Amino acid sequence: MTEHTSYDVLIVGAGHGGAQAAIALRQRKFAGSIALLGDEPELPYERPPLSKEYLAGDKPFERILIRPAAFWTEREITLLPGRTVVSVDPAGHRVITADGATIGYGTLIWATGGSPRRMSCEGHDLRGVHGVRTRADVERMMAELPQVTRAIVVGGGYIGLEAAAVLTKLGKHVTVLEAAPRVLARVAGEALSHFYEAEHRAHGVDLRTGVTVDSIVGQEGTVAGVRLADGTVLPGELVIVGIGIIPAVGPLIAAGAAGGNGVDTDALCRTTLPDIFAIGDCAAHANSFADGAKIRLESVQNANDQATTVAKLLTGEEHPYEAVPWFWSNQYDLKLQTVGLSTGYDATVVRGDMAARSFSVIYLKQGRVIALDCVNATRDYVQGRALVLARAVVDPASLADASVPLKEMLGA
Ligand code: FAD
């Protein structure tokens, strides 16, 4: 494929959102030129398996590609891998890349995700300290694994817990360190947090909450352990840092886009700069499932649906982004499926049997269903979506009665 100096649509970031934007544009018969530029060397691939099947060695890289190589060629989508945009000139409708190229655009779609937040303490840059965001991160980690007996995961969010589950399955002794009083505190209620804490402990993970890391200890440039604030040193040959991401919006903000924690977008994913959209993890938007609060969502659903919103707009269909948030996480043999956003809940109902490892936590706000976390309970997840969409008012005792399907509670 030829590399032009200008494209009708230039997409920066070839991850979930960027790839889906290109796919959706062609699906909708967009006839102009499209380039998908990204700083990673690979074809666009799925990120969720990086802390799951790919890390476990259960899936080869080819099986996590978003589309095979031929797909992009056949649809005349120009891939520009291994390229980093360092500045944006909104008036000139062009970007500049780290290798000095200038690429023009009619429309720019910014889909850059974010980079793993690093620790700021001593030892954060030792060999053996890893983030989990890219294939390269995971490849580096996997190459070290044969020499690793003890792994320490800093951060009890989904990515950290998934990595802990995989490493445990691979026979490593795993410690999880979480600063908050419980794991998953940012995204889930107490019942779910405590369930996952118990599961990890039952699998042999040394899971500690309410602990602060003082520093990462090294020996000849390589990690040897983690020192806690109380002076305890936990020995380990590998450290995984899963403490969130920093949205990659520097060039856009420098170009004058409004934003801070992400770049601000409206309901059509437009930034405040002309002909520049932002989608996915890096896009701050007012989400109706968060009562209109401005948030960034870090999920495949959000990246894909925002990409589709932009593709629709560019092909003449104006549909504000208003998709129901959903998410999943796999740990051990537990399949968690989440629908809605639980932020701001004031009551929870547990439905099903936690001891049998098949249940749902239903989140209510002022009596209305706002979200469900379903563990090995796909039927609740599927049927609960309608309750979230309707923000249904359902008697908590009925919600708790697992013998009655959730679909029968809508309008009951
Ligand atoms: P990304 O997919 O991150 O793509 C952004 C791309 O832009 C990257 O390739 C980046 O390197 C590139 N880039 C950044 N800056 C520049 C620049 N200046 N120039 C060029 N390229 C640039 N979500 C779920 O829904 N379910 C899950 O189970 C789940 N598990 C996850 C597990 C892991 C380990 C990770 C890391 C994420 C997981 N997520 C999951 C989140 C999900 O992967 C993200 O929400 C999704 O990838 C966001 O898509 P995006 O297009 O916004 O960003």
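A polar side-chain atom of Lys52 lies 2.6 Å from an oxygen atom of the ligand, a good place to start a tour of this structure. This is a predicted model, in which local features need pLDDT of at least 70 and side-chain atom pairs count only at pLDDT 80 or more, while totals for chains, interfaces and linings use all residues. Residues are numbered from 1 along each chain as its sequence is written, and side-chain values use heavy atoms, with hydrogens and water left out.

## Around the ligand

Lys52 is joined by two further polar partners of the ligand. In the side chain of Asp39, an N or O atom is 2.4 Å from a ligand oxygen. Gly17 takes part through its backbone, where an N or O atom lies 2.7 Å from an oxygen atom of the ligand. A polar contact here is a pair of N or O atoms within 3.5 Å; within protein, one must be able to donate a hydrogen and the other to accept it, and residues adjacent in sequence count only if both atoms are side-chain atoms.

How much of the ligand's accessible area does the protein cover? The protein covers 95% of the 990 Å² that the ligand has on its own. Accessible areas come from the Shrake-Rupley method with a 1.4 Å probe, and for residues only the protein chains shown count as cover.

The shell itself holds 33 residues, and the closest are Asp39, Glu40, Lys52, Arg133 and Asp281; a residue is near the ligand if one of its heavy atoms lies within 4 Å of it. By class, the shell has 14 nonpolar, 11 polar and 8 charged residues. Ala, Val, Leu, Ile, Met, Phe, Trp, Tyr, Cys and Pro count as nonpolar, Asp, Glu, Lys and Arg as charged, and the others, Gly among them, as polar. Helix 1 (16-27), helix 8 (300-314) and strand 22 (326-331) each give the shell at least two residues.

## The chain as a whole

The chain contains 10 helices and 26 strands; these are DSSP runs numbered from the N terminus, with helices (H or I) of at least four residues and strands (E) of at least two. Its radius of gyration is 22 Å, which agrees with the value near 22 Å for a compact globule of 412 residues. That radius is taken over C-alpha atoms, and the globule rule is 2.2 Å times the number of residues to the power 0.38. Along the principal axes, the C-alpha atoms fill a box of roughly 65 × 60 × 35 Å.

Of the 412 residues, 51% count as buried. Buried means under 20% relative accessible area, exposed over 50%, and partly exposed in between (1.4 Å probe, protein chains only). The chain exposes about 17400 Å², and carbon and sulfur atoms supply 51% of that area. Among contacts (heavy atoms within 4.5 Å) between residues at least 6 apart in sequence, 60% join residues at least 24 apart.

## Individual residues

Glu162 lies in helix 5 (residues 158-169) and is buried, with a relative accessible area of 2%. The side chain of Glu162 makes a polar contact of 2.7 Å with the side chain of Ser329. Leaving out residues up to four places away in sequence, Glu162 touches Ser51, Lys52, Trp328, Ser329, Asn330 and Gln331. Here we meet Lys52 again, the residue with a polar side-chain atom 2.6 Å from a ligand oxygen.

Thr265 sits in the loop between strand 18 (262-264) and strand 19 (276-278). A polar atom of the Thr265 side chain lies 2.8 Å from the backbone oxygen of Ala284. Beyond four places in sequence, the residues that Thr265 touches include Arg270, Ala283 and His285.

Gly123 is in the loop between strand 7 (114-116) and strand 8 (129-130). How far apart are Gly123 and Ile216 in space? Their C-alpha atoms are 4.5 Å apart, although 93 residues separate them in sequence. By contrast, Arg227, in strand 13 (residues 222-228), is 36 Å from Gly13, C-alpha to C-alpha.

Two loop residues other than glycine have a positive phi: Glu76, at about 50°, and Arg391, near 45°. Glu76 is between helix 3 (69-74) and strand 3 (77-80), while Arg391 is between helix 9 (378-390) and helix 10 (396-400).

The relative accessible areas of several of these residues are set out here.

| Residue | Relative accessible area and class |
|---|---|
| Thr265 | 12%, buried |
| Gly123 | 12%, buried |
| Arg391 | 27%, partly exposed |
| Arg227 | 32%, partly exposed |
| Glu76 | 57%, exposed |
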